[in-house]
Protein chains: 4
Amino acid sequence: MSMKVNQMKVKEKMTVQQLIDEFSLSGVLGAGKLAKASNLLAEMIKDEETAVFLSLAGPLVPGGMRNIIADLIKNKQIDLLITSGANITHDLLESFGGNHYSGLGFDDEKLNHGGIGRIGDVYTKSTDFEVFEKKIAIIFNKIYEKVGSNPISIKDFLHNIGSFIEDKNSILKLANQNNIPIFAPGLIDSMLGLQLWMFNQENNLILDATGDMDDLSNIVFENEKVGAVLLGGGLPKHYTLASNLLKGGVDSAIQITMDRAETGSLSGAPLEEAKSWSKAKCGSNLVSVVGDVTILFPLILAGALDKIS
Amino acid sequence: MSMKVNQMKVKEKMTVQQLIDEFSLSGVLGAGKLAKASNLLAEMIKDEETAVFLSLAGPLVPGGMRNIIADLIKNKQIDLLITSGANITHDLLESFGGNHYSGLGFDDEKLNHGGIGRIGDVYTKSTDFEVFEKKIAIIFNKIYEKVGSNPISIKDFLHNIGSFIEDKNSILKLANQNNIPIFAPGLIDSMLGLQLWMFNQENNLILDATGDMDDLSNIVFENEKVGAVLLGGGLPKHYTLASNLLKGGVDSAIQITMDRAETGSLSGAPLEEAKSWSKAKCGSNLVSVVGDVTILFPLILAGALDKIS
Amino acid sequence: MSMKVNQMKVKEKMTVQQLIDEFSLSGVLGAGKLAKASNLLAEMIKDEETAVFLSLAGPLVPGGMRNIIADLIKNKQIDLLITSGANITHDLLESFGGNHYSGLGFDDEKLNHGGIGRIGDVYTKSTDFEVFEKKIAIIFNKIYEKVGSNPISIKDFLHNIGSFIEDKNSILKLANQNNIPIFAPGLIDSMLGLQLWMFNQENNLILDATGDMDDLSNIVFENEKVGAVLLGGGLPKHYTLASNLLKGGVDSAIQITMDRAETGSLSGAPLEEAKSWSKAKCGSNLVSVVGDVTILFPLILAGALDKIS
Amino acid sequence: MSMKVNQMKVKEKMTVQQLIDEFSLSGVLGAGKLAKASNLLAEMIKDEETAVFLSLAGPLVPGGMRNIIADLIKNKQIDLLITSGANITHDLLESFGGNHYSGLGFDDEKLNHGGIGRIGDVYTKSTDFEVFEKKIAIIFNKIYEKVGSNPISIKDFLHNIGSFIEDKNSILKLANQNNIPIFAPGLIDSMLGLQLWMFNQENNLILDATGDMDDLSNIVFENEKVGAVLLGGGLPKHYTLASNLLKGGVDSAIQITMDRAETGSLSGAPLEEAKSWSKAKCGSNLVSVVGDVTILFPLILAGALDKIS
């Protein structure tokens with residue numbers, strides 16, 4: 001059953017939703033997929049039976065998306081966050097008064113000498129990390145006083161950190177306040193993990209690597225349906241999908257990535273592949289858009305918010 | 001001089017311009033580049049000294065962007081079009097009553113048997129091409145009656161075709177009416193080129209391959225400044241930049257492409273490379289955004305239209 | 001019918017053919033596709049009924065592949081060449097004593113001031129182009145003396161240039177000597193095209209844009225089968241495939257590209273898409289490998305040469 | 001100091017080393033980078049002061065590279081392995097008699113019904129995973145008998161598993177025998193992790209997420225120099241580089257990836273970026289090649305083995 005490709009119209013004073021409606025009328029190539037993703041996101045958020053799992057890989061907090069994630073938590077538009085350790089580290093960096101910067105060039109040896117770390121065209125300052133190190137050690141101490149050497153799950157560890165954060169824009173604080181669990185199976189591979197290891201030179205705060213899986217599994221089974229929003233690939237994408245394996249897979253998913261399928265790596269794999277593994281249900285609603293998350297997700301989300309308001 | 005990355009905000013009822021302003025406040029990664037491109041496009045269009053050259057590669061007319069290009073011509077927001085032959089063919093296909101379609105699947109042998117041609121997830125029907133063949137032959141005849149065997153430049157050939165089109169949404173017709181020249185140095189490599197060859201089995205309508213360069217060069221020299229908007233790469237990108245070589249290069253350029261730089265191919269080359277060749281001026285304002293043209297250009301343009309209104 | 005993935009072995013003193021045999025035993029991901037491409041190339045070259053069309057896009061001559069192309073012509077392992085104008089220009093540049101260079105950095109404004117043009121990490125010198133301009137003008141003159149203002153096809157134009165080249169490694173000279181036709185539908189979009197336009201400020205050497213299509217079509221119909229070897233995408237890829245449209249498509253094809261499919265552009269399109277258009281036969285043998293042509297084609301070819309020796 | 005690009009020669013009966021020497025003579029684009037990577041790998045392996053860290057992301061064991069990795073361990077050509085949990089799972093799958101398969105098509109719902117999991121064009125069978133589940137549970141039991149509820153590091157956990165494997169081609173067994181430590185900070189996100197969680201429904205085998213960092217840090221400091229070989233990106237790439245942070249970064253690194261830099265994600269980040277973070281030393285020797293690991297690494301390694309023999 002073929003449909004006609006309608007030629008899009010662009011005009012002054014358009015709202016994002018009007019633009020996405022034009023994409024929808026066209027229905028093909030990237031624009032068509034973006035419109036489908038935006039509509040699916042609106043459905044996921046609106047549907048009370050669907051738990052929305054948000055997966056974050058890549059430098060999303062350094063890349064200007066911290067408030068967007070924070071608002072999704074604050075408004076309870078997502079039910080669960082799975083992220084790299086880096087995004088947590090950078091959330092804390094800002095909570096402790098640090099910032100991310102732009103405009104510092106691409107001479108990495110010079111940046112090194114100036115105490116500047118580079119992530120694409122985003123930069124951090126070592127002075128901000130020094131503050132981070134001091135403040136996070138204080139928080140580790142408070143948690144250690146509470147749990148001692150009893151192994152603690154990464155989810156509970158992050159929930160605890162969130163309880164000690166004052167910054168009202170913090171992803172960790174808002175997740176704590178709103179009881180949105182954060183999973184970060186690769187947490188240890190981050191500056192936060194490094195600091196924990198340093199803390200443990202004289203302490204014994206043990207993160208139990210498998211400790212989260214009971215909680216994650218329970219959430220999967222407690223919810224009628226799961227919708228996954230996969231920003232970037234990596235371990236967060238895999239963990240998000242794999243956590244649904246025992247229940248036959250997610251019911252819907254949106255993926256935004258620039259990685260490609262041909263290498264066989266999961267990061268660029270088509271969502272359909274997840275069906276073969278029962279990580280996405282046969283018949284599930286799956287939409288992939290190829291492109292830059294910092295452009296595409298705000299666009300998709302702005303359109304979806306209009307649809308659900 | 002470092003700047004702070006501001007965390008973006010997304011909310012209901014946003015206009016495209018508000019979203020791009022958020023991208024601008026962040027200023028980094030894809031979002032930052034997109035905002036710069038949108039602002040630069042607004043500047044190019046507003047500046048009366050700048051002639052805007054629009055280059056089209058890839059299936060933009062089949063991909064829903066015909067009206068967008070047509071409106072840029074109608075509103076004289078561009079001064080010159082450089083395109084693949086395919087986009088012209090597909091403009092004519094729609095002018096003659098044909099359409100582009102979606103939703104026909106990916107079994108190419110089955111599509112072949114059904115007379116369907118596939119371009120990604122866009123489709124054409126052979127019945128529409130049959131109409132195209134008949135109607136374009138009539139137009140060739142009219143042009144041949146007019147010019148005979150005197151070599152004609154591709155630009156003049158396309159201008160002539162435009163004069164015989166009735167469809168008021170046609171890129172070719174609007175370009176004719178508004179005196180926007182269309183250049184298509186690889187025209188012959190298209191269904192339009194194929195039909196011309198067939199027509200010439202019994203006629204002798206000669207396209208002079210170098211015939212356009214005087215006109216193109218004159219336009220370059222007549223204008224104080226040139227701004228290039230490069231949608232996709234390929235021959236149109238190269239021709240657009242190379243046409244400015246004799247005057248030291250374009251003054252500004254925007255490029256949207258998914259191709260990558262590492263192969264050395266021009267399609268994915270960074271715009272900066274054009275400076276070494278004097279195809280972009282040293283000191284010119286150059287912005288590249290990586291991604292899908294059907295998403296990014298409508299977004300960039302909608303933002304720019306707000307800025308200039 | 002599933003097959004087992006054999007784990008590859010790598011050892012000292014391997015021949016390229018042994019490495020490709022390991023790829024073949026594995027049979028999956030990039031390695032599997034590369035082995036299939038190498039085996040298919042051997043078949044195409046060996047099969048006397050198959051005419052091999054080689055399509056060149058991207059900076060292959062600047063990128064060190066000039067001898068490889070020249071040898072394929074000299075050994076009559078290909079029957080026809082379709083190329084961008086740039087590869088012809090760079091072949092001539094070397095024929096006239098110029099070179100391509102490496103190691104000159106990435107500061108494009110500085111390169112510009114030093115008269116250096118950049119193509120990725122390959123460089124040209126303006127002094128070499130000055131020699132090119134003088135010598136090609138002499139050749140244009142000789143051709144103009146011969147053909148005058150009678151429109152000449154691009155194929156014949158290039159054949160004529162080849163007859164005036166002395167460098168025995170020249171692609172153009174070898175093609176002339178071995179009667180391998182060269183097609184370059186976008187020739188005009190190159191430094192060679194620019195020089196022709198300059199020559200025509202005082203002369204009238206007319207390239208007939210559609211002039212090649214009779215010859216190309218005849219070659220397609222004269223050969224029992226056509227095998228296409230598509231290095232890079234662009235106009236050469238399209239022209240190569242489209243030239244086979246009237247006979248129902250190529251019988252086999254190999255494509256090496258880094259472009260991706262999602263934009264719908266032909267450069268990154270899967271070869272299977274060509275079946276829908278009758279540019280590749282239903283049932284044809286099509287192999288795509290994603291990667292850098294300068295690595296993959298020498299590898300594929302070295303393996304194929306062993307198979308046919 | 002510019003160098004001439006030498007045009008490559010390809011002929012019959014070439015050895016891989018001869019082909020790479022041609023790449024080296026050209027010195028540009030992908031071929032030039034591949035030759036540099038191969039030469040650098042030979043240097044890393046030969047230099048007794050350099051510890052070679054091999055990082056694995058993506059489906060390398062499923063993709064036919066198990067023996068290649070196993071041989072590097074057996075020949076003590078690497079000193080340390082950092083990998084995703086998936087590559088360990090798939091090594092075990094083969095150790096327990098399972099296989100990887102090809103040729104099963106791309107209909108993921110049909111594959112699901114047949115108990116087939118898809119990774120690009122590689123496939124696994126659920127029957128093989130059933131054997132895996134039984135046999136790994138037996139091994140978990142043996143380890144649990146030994147360590148009880150005392151938290152164990154992931155490195156020690158994997159070393160223990162290796163001690164119970166009989167398959168002489170097993171990466172885990174060979175690593176155990178040769179005392180090559182394996183780090184897998186995201187281990188839990190794999191089928192092996194899932195089985196451990198299931199085992200822990202009735203047991204309490206605790207993996208200490210930060211437990212490896214002492215050992216890893218010691219290895220970094222014990223060695224004069226570190227050379228990193230990064231196959232794919234992801235968490236293994238980050239962990240490999242970050243583990244060298246406290247000593248000022250790696251001394252040399254090779255990266256093979258298809259991911260791109262523009263998103264800011266580490267997987268596609270240029271190695272130079274690591275200098276800003278002191279994850280690679282200022283002045284370190286860094287070579288990136290863009291492409292498919294299953295093609296490029298065997299090629300690079302075969303060339304390097306010739307150089308060091």
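Below is a conversation about how some structural terms apply to this predicted model.

User: How should I read the names and values here?

Analyst: Residues are numbered from 1 along each chain as its sequence is written, chains are lettered from A and ligands numbered from 1 in the order in which they are written. This is a predicted model in which local features need pLDDT of at least 70, side-chain atom pairs count only at pLDDT 80 or more, and totals for chains, interfaces and linings use all residues, while side-chain values use heavy atoms and leave out hydrogens and water.

User: Thanks! Why is H1(C) called roughly perpendicular to H13(C)?

Analyst: Helices (H or I, at least four residues) and strands (E, at least two) are DSSP runs, numbered from the N terminus. Axes are lines fitted to C-alpha atoms, for helices over the stretch in contact, and angles run from 0 to 180 degrees between N-to-C directions. H1 (residues 16-26) and H13 (residues 293-308) of chain C pack at about 105 degrees, with their axes 8 Å apart. Angles under 35 degrees count as roughly parallel, over 145 as roughly antiparallel, 65 to 115 as roughly perpendicular and the rest as oblique. The angle of about 105 degrees therefore makes H1(C) roughly perpendicular to H13(C).

User: Which residues make that contact, and how do they divide by class?

Analyst: Contact means heavy atoms within 4.5 Å. From H1(C) come Val16(C), Gln17(C), Ile20(C), Asp21(C) and Phe23(C), and from H13(C) come Leu299(C), Ala302(C), Gly303(C), Asp306(C) and Lys307(C). They divide into 5 nonpolar, 2 polar and 3 charged. In this scheme Ala, Val, Leu, Ile, Met, Phe, Trp, Tyr, Cys and Pro count as nonpolar, Asp, Glu, Lys and Arg as charged, and the others, Gly among them, as polar.

User: What about H4(C) and H6(C): what makes them roughly perpendicular?

Analyst: The axes of H4 (residues 85-95) and H6 (residues 126-147) of chain C come within 9 Å and cross at roughly 95 degrees. H4(C) and H6(C) are therefore roughly perpendicular to each other. Their contact joins Thr89(C), His90(C), Leu92(C) and Leu93(C) of H4(C) to Asp128(C), Phe129(C), Phe132(C) and Ile136(C) of H6(C). By class, this contact has 5 nonpolar, 2 polar and 1 charged residues.

User: Why is Ile119(B) called buried?

Analyst: Buried means under 20% relative accessible area, exposed over 50%, and partly exposed in between (1.4 Å probe, protein chains only). Ile119(B) has 9% relative accessibility, so it counts as buried. Ile119(B) lies in strand E5 (residues 116-119) of chain B. Leaving out residues up to four places away in sequence, Ile119(B) touches Leu29(A), Pro59(B), Pro62(B), His90(B), Gly264(C), Glu273(C) and Trp277(C).

User: How do you know that E2(C) is largely enclosed?

Analyst: In strand E2 (residues 50-56) of chain C, 7 of the 7 residues are buried, so E2(C) is largely enclosed by the rest of the structure. Thr50(C), Val52(C), Leu54(C) and Leu56(C) point one way, Ala51(C), Phe53(C) and Ser55(C) the other way, and all are buried.

User: What makes E2(C) and E10(C) a pair?

Analyst: Two strands pair if DSSP finds at least two bridges between them. E2(C) and E10 (residues 225-231) of chain C have 7 bridges, in the parallel sense. Within E10(C), Lys225(C) is the bridge partner of Thr50(C). E2(C) is also joined to the parallel strand E3 (residues 80-83) of chain C, by 4 bridges, and Phe53(C) stands opposite Leu80(C) there.

User: Which hand does the crossover from E2(C) to E3(C) have, and what does that word mean?

Analyst: The chain passes from E2(C) through helix H3 (residues 61-74) of chain C to E3(C), and this β-α-β crossover is right-handed. With the strands pointing away from the viewer, right-handed means that the path from the first strand over the helix to the second runs clockwise. E2(B), H3 (residues 61-74) of chain B and E3(B) also make a right-handed β-α-β unit.

User: Why are E8(B) and E12(B) called edge strands?

Analyst: Chain B has an open sheet of 6 strands in the order E8-E3-E2-E10-E11-E12, with parallel pairing. E8 (182-183) and E12 (280-290) of chain B each pair on one side only, and that makes them the edge strands. E3(B) and E8(B) pair in the parallel sense over 2 bridges, with Leu81(B) opposite Ile182(B).
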